[in-house]
Amino acid sequence: MSDGVDLVHHVQNLALELARIPELGEVYRRAVSGLLDPLGFDRAALFLYDEFTLEMQGTWGTNDNGKVVDESAYKSSIGSDHAFLTEALAEPDRIRVWENRELKLWDKVVGTGWNAMVVLQDGDRTLGWLSVDNAFNQLPLTPMQREVLSLYGRTLSSTIQHKQFQVLTQKYRTQNDLKDRLFTILAHDLRGPIGNIGVMLGLALDTTVTHEDSREILIESREAAFRTYNLLDNVLGWVRSQISEVSALRQRIPLKRPLTSVQAWLSSTAKGKNITLEVDCPETLSGVTDERMVETIVRNLVSNAIKYSPVGSKVLLRGRGAGEWMILEVVDQGTGIGADKVKVLFTNNQKVSQPGTTGESGNGLGLMFSSDLAHTLGGHLEAESVPGQGSTFRLVLPDVLDGEL
C-alpha cells in the first residue's frame with residue numbers, strides 16, 4: 001500500500017478521471033475498481049438508494065474472487081434485516097465500521113472481518129453508499145484509509161450528482177423535442193385528414209353525386225381513415241413504450257399471424273399501386289413476444305415499402321428463426337436508400353420523410369417509433385438498401401421468456 005500522500009493523490013486523480021467519463025454506468029464501474037488498488041481494500045461495491053421506496057439498487061461490485069462485476073440485477077428493500085444500513089443512513093456524515101461481522105456477496109457468506117460504509121449525499125438527499133471490507137487479506141482498517149475513504153465519498157457524491165443531472169437534462173431535452181413534434185403531428189397530420197374525411201363523407205351524401213363518384217369518395221375516405229388510424233396507433237404505441245411502468249405483454253405466438261394480419265390490413269393500399277404483398281413464413285415457426293407491438297412495427301415497415309415501391313412490384317413479408325432469435329423481414333423492390341441515410345433511419349435525426357413513388361406524403365416518425373418499440377421488446381431494427389434496387393428492413397427479436405427458448 002502507498003503512503004498517505006500517494007493515496008490522496010490517487011483519489012484526486014481518480015476524481016478527475018470520473019468527471020471525464022460520459023456514461024454514468026461506467027462512472028459506477030470505475031468508482032468501484034478505483035477503490036481496490038492502491039487504496040488497499042479487498043472488496044468494494046457501490047449501491048444506489050431511493051429515499052421514497054426505501055430500496056437499494058446494485059451497480060458494480062466485487063465477487064468472491066475480488067473481480068469487479070456488474071451487480072445491477074441486485075435490488076432489495078431495506079427492512080429489519082438491514083439494521084446496519086438503517087443505522088448508517090441515520091448518520092450519513094459518519095463513516096460506519098462494523099468489526100468481526102459476516103461478509104456477504106448478496107445472500108452468500110464469503111468470510112468474516114470488518115465492513116466499512118460511507119454514505120453518498122447530495123445535500124440532504126442520499127444518493128447511495130460505498131461499501132468496502134477486508135474479506136481476503138484480513139488487514140486492519142487504518143486511520144489513513146478512513147480519511148481517504150471519507151474524501152473519496154465526498155468527491156464521488158459530487159461527480160454522481162453532476163452526471164445524474166446531465167442525464168436528466170438530456171432526457172428532458174429529448175422528451176421536449178419529441179413533445180413538440182407530436183403536437184405538430186396532432187395539429188397537422190391528424191387534424192387535416194380527419195377534417196378531409198368529414199368533407200368527403202359530406203360529398204358522398206350529396207344527392208347530386210353519381211353512384212360511381214360516391215363509391216370513389218368512400219374508398220378514398222376509407223384509405224384516409226386507415227392512414228389516420230395508423231398514425232394514431234404509432235403515436236399511442238410509442239407513448240406506451242416510453243412509460244416505464246408499462247411492459248410488453250409477452251406470449252408465444254405463431255410468427256406468421258402478425259405478418260398475415262398486416263398483409264390483410266394493407267392489401268387495399270397495395271392494390272392502389274398494383275403491388276403484391278406476399279407472406280413467406282413457416283406455419284410452425286413461433287416466438288415469445290408482444291404481438292400487438294410486433295404488428296405495429298411490421299405495419300410501419302410494410303407501409304414504407306409500399307410507399308417507396310414502384311407500381312406493379314412486390315413486397316415480401318418473411319419470417320424465420322435464427323437460433324435464439326426470431327427475424328421478421330420486409331423486402332421491397334423500391335427506390336432504395338443511400339448509406340448515409342440508412343445510418344439515421346431509426347433515430348431522432350431522421351426528421352423529414354421523402355415523398356413516395358406516386359407522391360405519397362408522411363411525417364417521418366414511423367421508423368423512429370418502430371425502433372423504440374423494438375428496443376422495448378429487447379430487439380432492434382436493421383436495414384440494408386441499394387439505391388435503385390430496393391431495401392430489406394429486418395426486425396430482430398430474442399425468443400426468450402424466463403429461460404424458455
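Two exercises with worked solutions follow, on a predicted model.

**Exercise 1. The surroundings of strand 7**

Task: Determine which strands pair with strand 7 through the bridges that join them, and in what direction they run.

Solution:
- Step 1. Locate the strand: strand 7 spans residues 125–133, and eight of its nine residues are buried.
- Step 2. Take strand 1 (residues 43–50), which is joined to strand 7 by six bridges in an antiparallel arrangement. Within strand 1, Arg43 stands opposite Asp133 of strand 7.
- Step 3. Take strand 6 (residues 108–122), which also runs antiparallel to strand 7 and is joined to strand 7 by eight bridges. Here Met117 stands opposite Ser131.
- Step 4. Inspect the connection: strand 6 and strand 7 form a hairpin with two residues between the strands, where Gly123 adopts a positive phi near 65°.

**Exercise 2. The packing of helix 8 and helix 10**

Task: Describe how helix 8 and helix 10 pack, giving the angle and the distance between their axes, and state which residues meet.

Solution:
- Step 1. Helix 8 covers residues 291–307 and helix 10 covers residues 366–376; the angle is about 150° and the axes lie 9 Å apart.
- Step 2. Because angles over 145 degrees count as roughly antiparallel, helix 8 is roughly antiparallel to helix 10.
- Step 3. The handedness of the crossing is left-handed.
- Step 4. Helix 8 contributes Met293, Thr296, Ile297, Asn300, Leu301 and Asn304, which meet Gly366, Leu367, Ser370, Leu373, Ala374 and Thr376 of helix 10.
- Step 5. Classified by character, the contact residues comprise six nonpolar, six polar and no charged.

Notes:
Residues are numbered from 1 along each chain as its sequence is written. This is a predicted model: local features need pLDDT of at least 70, side-chain atom pairs count only at pLDDT 80 or more; totals for chains, interfaces and linings use all residues. Side-chain values use heavy atoms; hydrogens and water are left out. Buried means under 20% relative accessible area, exposed over 50%, partly exposed in between (1.4 Å probe, protein chains only). Helices (H or I, at least four residues) and strands (E, at least two) are DSSP runs, numbered from the N terminus. Two strands pair if DSSP finds at least two bridges between them. Axes are lines fitted to C-alpha atoms, for helices over the stretch in contact, and angles run from 0 to 180 degrees between N-to-C directions. Angles under 35 degrees count as roughly parallel, over 145 as roughly antiparallel, 65 to 115 as roughly perpendicular and the rest as oblique. A crossing is left-handed if the near helix is turned anticlockwise from the far one by less than a right angle, and right-handed if clockwise. Contact means heavy atoms within 4.5 Å. Ala, Val, Leu, Ile, Met, Phe, Trp, Tyr, Cys and Pro count as nonpolar, Asp, Glu, Lys and Arg as charged, and the others, Gly among them, as polar.
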